[in-house]
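This briefing introduces a predicted model to a reader who has not seen it before. It takes up a patch on the surface and then the pairing of some strands.

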Amino acid sequence: MAWNEPGNNGNDKDPWNNKGGRDQGPPDLDEVLKKYSDKFGGLFGGKKGGGNNKNGGLGGVGLLIVLVIAAIIWGLSGFYTVKEAERGVVLQFGKFDRIAQPGLRWKATFIERVIPVDIEAVRSLSASGFMLTEDENVVSVEFEVQYRVVDPYLYKYSVTDADHSLQQALDSALRYVVGHSKMDQVLTTGREIVRQNTWDELNDIIEPYNLGLIVTDVNFKDSRPPAEVKDAFDDAIAAQEDEERFIREAEAYAREIEPRARGQVTRMTQEAEGYRERVTLEAQGEVARFEKLLPEYAAAKDVTRQRLYLETMEQVLGSSTKVLVDVEGGNNMMYLPLDKLLDKHQSGQKITLPSANSIQDLRNKLGANASRNSQVNSGNDRFSKDRFNGGR
């Protein structure tokens, strides 16, 4: 039942402890504040209700405990950790104070603030767009730059936004280099030159700003002509690549042929030198043999002449495939297996012929029985000997 409902048996006491029933007005705000102030003042040793507080000492101890606990919490809240790859930029009342090194550190809470900065991570930015070349052609270029923070303080406070500044510097350097290069250089052969020039130009631009950054690499990702003329440029690039390929193939062929030709020249030179030495030595050997034969010929001319004749005939007949034996004074022919001799000669086997003494004995035996053939053969022998001696 509500406190002011009829039939409440006179319990019309309101929640604000106003005595006098429901006819009283709203409670006095100053009175309520004073009452609660007295309660909290007694807790911390103040006076309550205008009288003396007998528990003032107890209130002072409580205040001290609260302050100690607050100090402990404040001190513990100041510990923080800086990672190995980071450096902490410590601000004291918003002003730079120091650089915190990796490890467990402490800061004054509500007084100092720490901003961690990663100095080992490699970051990247890209720039792209249609750019005008020196020969007034339009190309689409995509570049990427990789960088790393080396000075956390300069990185955070030298400029408003170091990353955005680097982005603008990259775009400016790229457009400057492409604007001073021809289209063929940007699209084909001069890509490495454009990349290096862009890197140098970018370093020159960011150096005065002290961004606290170092550019580690610049990558030329892509360069292409506008879509309207892409097919024609693709054909031109393919032709240039074919030209380079043919040049490399020709150089490889030349490197292959040249050593082979040099080897053939060396071999032919050595063969010629060997042939010259062989002929010279053979000639010298023949001269030495005839010089040794001359005293023997002077001592016994007939015997020496006959022996030379027989030796010569043995060499001539030894390399011949035809053998004819004529029996003096008769019609009989000595049969020799010529077909077998020819087969042996064609197969490379050695054919053994009679020695000079055997031939001489055979001729002596056959010459006693035929006069007509002997005269003819004697004439032939003398003619052969005269030719041999004349050649000698």
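**Nonpolar surface patch**

On the surface of this predicted model, a nonpolar patch is formed by L64, V68, I72, W74, L76, F79, F93, L104, W106, F110 and I111, which together have about 1,200 Å² of accessible area. Two or more residues of the nonpolar patch are given by each of the elements α2, residues 56-76, and β4, residues 103-106.

- With five residues, α2 provides the largest share of the nonpolar patch.
- F110, one of the patch residues, is found in the loop that lies between β4 and β5, the latter being residues 112-118.
- The relative accessible area of F110 is 77%, and F110 is therefore exposed, since the term applies to values over 50%.

**Pairing of β6 with β7**

- Strand β6, residues 123-132, runs antiparallel to strand β7, residues 138-149, and the two are joined by 10 bridges.
- Within this pairing, the residue that stands opposite M131 is V139 in β7.
- The hairpin of β6 and β7 has five residues between the strands, and in this hairpin E136 takes a positive phi near 65°.

**Pairing of β7 with β8**

- Strand β7 is also joined by 10 bridges to strand β8, residues 213-224, and these strands run antiparallel.
- Q146 has D217 as its bridge partner in β8.
- Strand β7 thus pairs with β6 and with β8.

Conventions:
Residues are numbered from 1 along each chain as its sequence is written. This is a predicted model: local features need pLDDT of at least 70, side-chain atom pairs count only at pLDDT 80 or more; totals for chains, interfaces and linings use all residues. Side-chain values use heavy atoms; hydrogens and water are left out. Patches are made of residues with over 30% relative accessible area and no salt bridge: like charges are joined within 9 Å, nonpolar side chains (Val, Leu, Ile, Met, Phe, Trp, Tyr) within 5 Å. Accessible areas come from the Shrake-Rupley method with a 1.4 Å probe; for residues, only the protein chains shown count as cover. A salt bridge is a side-chain nitrogen of Lys or Arg within 4 Å of a carboxyl oxygen of Asp or Glu. Helices (H or I, at least four residues) and strands (E, at least two) are DSSP runs, numbered from the N terminus. Buried means under 20% relative accessible area, exposed over 50%, partly exposed in between (1.4 Å probe, protein chains only). Two strands pair if DSSP finds at least two bridges between them.
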